[in-house]
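Let's take a walk through this one together. Have a look at the sequence and the fold first, and then we'll go from place to place.

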Amino acid sequence: MSDGEGGIRRAFLSTNARNAVIEDARDASPDEACGLLVGRVEEARVRVLRAVPCTNEAPADRRSTRFTIDPRRVIEEERALRGSGEGIVGFYHSHPAGQPVPSSVDRGYMEFWPEVLWLIVGVGGADGDAALRAWGWDPGAPESPRELPIG
Ligand SMILES: [Zn+2]
């Protein structure tokens with residue numbers, strides 16, 4: 001995962017990764033989409049090169065407000081990336097009917113898995129536009145979760 005030195009301060013998304021996340025969010029709606037973010041950590045910046053969509057493994061009646069990624073997918077992807085210079089740098093998921101701001105459930109995930117990028121895409125806006133926001137969690141930092149500038 002990330003080097004964790006001083007935490008992540010900024011995120012960069014490739015056009016491919018951005019488009020893939022938005023497309024997955026629209027396809028999955030009204031359920032939450034979720035997946036892995038693959039790229040590199042460059043000092044305090046996370047560079048996301050690709051998004052890897054994953055099946056939302058949450059129970060069917062909860063998928064509109066919850067997401068669960070099978071941990072085996074994470075392990076498989078890490079294995080596939082070994083030696084490539086790339087790694088899993090974060091996770092994304094969508095809020096089909098809400099703002100791209102961490103929910104209390106999300107905060108729990110973030111606390112459990114800190115020092116990675118948490119990208120949330122909101123697709124519930126009246127204008128149909130997707131909104132992406134990036135978040136980070138530093139253990140012990142009172143301001144967590146902290147929004148990270150994208151770009
Ligand atoms: Zn969420």
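Asp138 and Arg146 are both buried. This is a predicted model, and in it the two side chains form a salt bridge, with their closest N and O atoms 2.6 Å apart. They aren't on their own, either: salt bridges with shared partners tie Arg9, Asp138 and Arg146 into one network. As a bit of background, side chains of opposite charge can pair when their charged atoms come close.

How many salt bridges does the structure hold? The count is 8, so let's visit two others, going by the cut-off of 4 Å between a side-chain nitrogen and a carboxyl oxygen. One of them joins Arg72 to Asp70, where the closest N and O atoms sit 2.9 Å apart. Here the partners have unlike surroundings: Arg72 counts as exposed, at 58% relative accessibility, whereas Asp70 counts as buried, at 18%. Asp70 gets that label because buried means under 20% relative accessible area.

Next comes the pair Glu76 and Arg73, whose side chains meet in a salt bridge at 3.2 Å, N to O. Both belong to helix α2, which covers residues 71-81, and because they are 3 residues apart there, about one helical turn separates them. Glu76 is partly exposed, with a relative accessible area of 44%, and Arg73 is partly exposed too, at 26%.

Now for the metal. Which residues hold the zinc ion? It is coordinated by His93 and His95, each through NE2, and by Asp106, which supplies OD atoms for two of the contacts; the distances run from 2.0 to 2.6 Å. Along the sequence, these donor residues follow the spacing H-x1-H-x10-D. His95 is in strand β4 (residues 87-95) while Asp106 is in helix α3 (residues 104-112), so this pair, 11 residues apart, links distant parts of the chain. Both of these residues are tucked away: His95 is buried, with a relative accessible area of 9%, and Asp106 is buried as well, at 5%.

What about the geometry of the site? Four tetrahedral donors would ideally make angles of 109.5 degrees at a metal. Around this zinc ion, the angles among the 4 donor atoms go from 56 to 158°, and the site is irregular. It can't count as tetrahedral, because that label needs all angles to lie between 85 and 135 degrees.

Let's finish with the backbone, where a few spots are worth a stop. In general, most residues other than glycine have a negative phi, and most peptide bonds are trans. The peptide bond from Ser29 to Pro30, though, is cis, with omega near 10°. You'll find Pro30 in the loop that runs between α1 (15-28) and β2 (34-42).

Then there's Glu43, which is not a glycine and yet has a positive phi of about 55°. Its place is the loop between β2 and β3 (45-54). Is Glu43 buried or exposed? It is exposed, with a relative accessible area of 76%.

Further along the chain, Glu115 has a positive phi as well, about 60°, and is not a glycine either. This residue sits in the loop between α3 and β5 (117-122). Glu115 is partly exposed, with a relative accessible area of 26%.

Key
Residues are numbered from 1 along each chain as its sequence is written. This is a predicted model: local features need pLDDT of at least 70, side-chain atom pairs count only at pLDDT 80 or more; totals for chains, interfaces and linings use all residues. Side-chain values use heavy atoms; hydrogens and water are left out. Donors are N, O and S atoms within 2.8 Å of the metal (3.2 Å for Na, K and Ca); water is not among the atoms, so sites may look incomplete. Four donors count as tetrahedral if all angles lie between 85 and 135 degrees; four count as square planar and six as octahedral if opposite donors are over 155 degrees apart and all others between 65 and 115; anything else is irregular. Helices (H or I, at least four residues) and strands (E, at least two) are DSSP runs, numbered from the N terminus. Buried means under 20% relative accessible area, exposed over 50%, partly exposed in between (1.4 Å probe, protein chains only).
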